[in-house]
Amino acid sequence: MTEADVIARWVPQGARVLDLGCGNGRLLRRLWDEKRAPGYGIEIEDAHVRECLENDVNVLQLDLEDGLAAFADRSFDVVILSETLQAIHHQEALLREMLRVGR
């Protein structure tokens, strides 16, 4: 079982999802296809943002170090941070922001 398989099992049907460091957007695409779970990806790399757009994924090009001010409190049912935490310098601040925008 892959990490994406585990995450997909945890996400409820129809949940609003925010994927931080979403890469090429394949996970968000899968969650939409399998769970009808709409969402947004946050990605900083130009190439990955283009891939998200090609995968028909809502993506914002933002630096996670700047926080998640673009989103209101409790905007998402699920916030995913997979394979990105180790690249964040201010981890505690980002985790607080995740708790703020998630439910």
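This report walks through the sheet, the helices, the cores and the salt bridges of a predicted model.

## The sheet

Four strands make up an open sheet, in the order E3-E2-E1-E4. The pairing is parallel. E3 and E4 stand at the edges, and each has a single partner strand, so one side of each lacks a neighbour in the sheet. On average, neighbouring strands are turned by 20 degrees against each other, direction ignored. As background, strands of a sheet pair through backbone hydrogen bonds, either parallel or antiparallel.

Strand E1 (17-20) pairs with strand E2 (residues 39-43) over four bridges, in the parallel sense. E1 and E4 also pair in the parallel sense, over four bridges. Some positions can be matched across the strands. Leu18 stands opposite Tyr40 in E2. Leu20 stands opposite Ile42 in E2. Leu20 also stands opposite Leu81 in E4.

## Two faces of the strands

In a regular strand the side chains alternate between the two faces of the sheet. E4 shows this alternation. Val78 and Ile80 point to one face and are buried. Val79 and Leu81 point to the other face and are not buried.

E1 is covered on both faces. Val17 and Asp19 lie on one side, Leu18 and Leu20 on the other, and all four are buried.

## Helices on the sheet

H2 lies across E1, E2 and E4. H2 runs at about 165 degrees to E1. H3 also packs on the sheet, where it touches E2 and E3. The direction of H3 makes about 160 degrees with that of E3.

## Helix H4

Which residues of helix H4 (residues 91-101) are buried? They are Leu94, Glu97, Met98 and Val101. Seen down the axis of H4, these buried residues fall within an arc of 105 degrees, so they line one face of the helix. What covers them includes strand E1 (17-20) and strand E4 (78-81). Glu92, Arg96 and Leu99 are exposed, on the other side of H4.

A general point helps in reading such a pattern. An α-helix has 3.6 residues a turn, so residues three or four places apart point the same way.

## The nonpolar cores

The largest nonpolar core has 16 residues. Val11, Val17, Leu31, Val78 and Ile80 have the most contacts inside this core. Helix H1 (3-10), helix H2 (26-35), helix H3 (46-54) and E4 each supply at least two of its residues. The largest share, three residues, comes from H2. Apart from this core lies another, of 11 residues. Among its members are Ile42, Leu64, Met98 and Val101.

Several residues named above meet at Val11. Not counting residues up to four places away in sequence, Val11 touches Val17, Leu31, Lys35, Ala37 and Val78. Val17 belongs to one of the two covered faces of E1. Val78 is on the buried face of E4. Met98 and Val101, in the other core, are buried residues of H4.

## Salt bridges

The structure holds eight salt bridges. One of them joins Arg103 and Asp77, with the closest N and O atoms 3.5 Å apart. Arg103 lies in the segment after H4, and Asp77 in the loop between strand E3 (59-61) and E4, so the pair ties together parts that are 26 residues apart in sequence. Arg103 is exposed, at a relative accessible area of 59%. Asp77 is partly exposed, at 33%.

H4 has salt bridges along its own length. The side chains of Arg96 and Glu92 meet at 2.3 Å, N to O. Arg96 and Glu92 are four residues apart in helix H4, so about one helical turn separates them. Both are exposed. The side chains of Glu97 and Arg100 meet at 2.8 Å, N to O. Glu97 and Arg100 are three residues apart in H4, about one turn of the helix. Glu97 is buried, whereas Arg100 counts as partly exposed, at 24% relative accessibility. Elsewhere, salt bridges that share partners join Asp5, Arg30 and Glu34 into one network.

Technical notes. Residues are numbered from 1 along each chain as its sequence is written. This is a predicted model: local features need pLDDT of at least 70, side-chain atom pairs count only at pLDDT 80 or more; totals for chains, interfaces and linings use all residues. Side-chain values use heavy atoms; hydrogens and water are left out. Buried means under 20% relative accessible area, exposed over 50%, partly exposed in between (1.4 Å probe, protein chains only). The arc is that of the directions from the helix axis to the C-beta atoms. Contact means heavy atoms within 4.5 Å. A nonpolar core is a set of buried Ala, Val, Leu, Ile, Met, Phe, Trp, Tyr and Cys residues joined through side-chain atoms within 4.5 Å. A salt bridge is a side-chain nitrogen of Lys or Arg within 4 Å of a carboxyl oxygen of Asp or Glu. Two strands pair if DSSP finds at least two bridges between them. Axes are lines fitted to C-alpha atoms, for helices over the stretch in contact, and angles run from 0 to 180 degrees between N-to-C directions.
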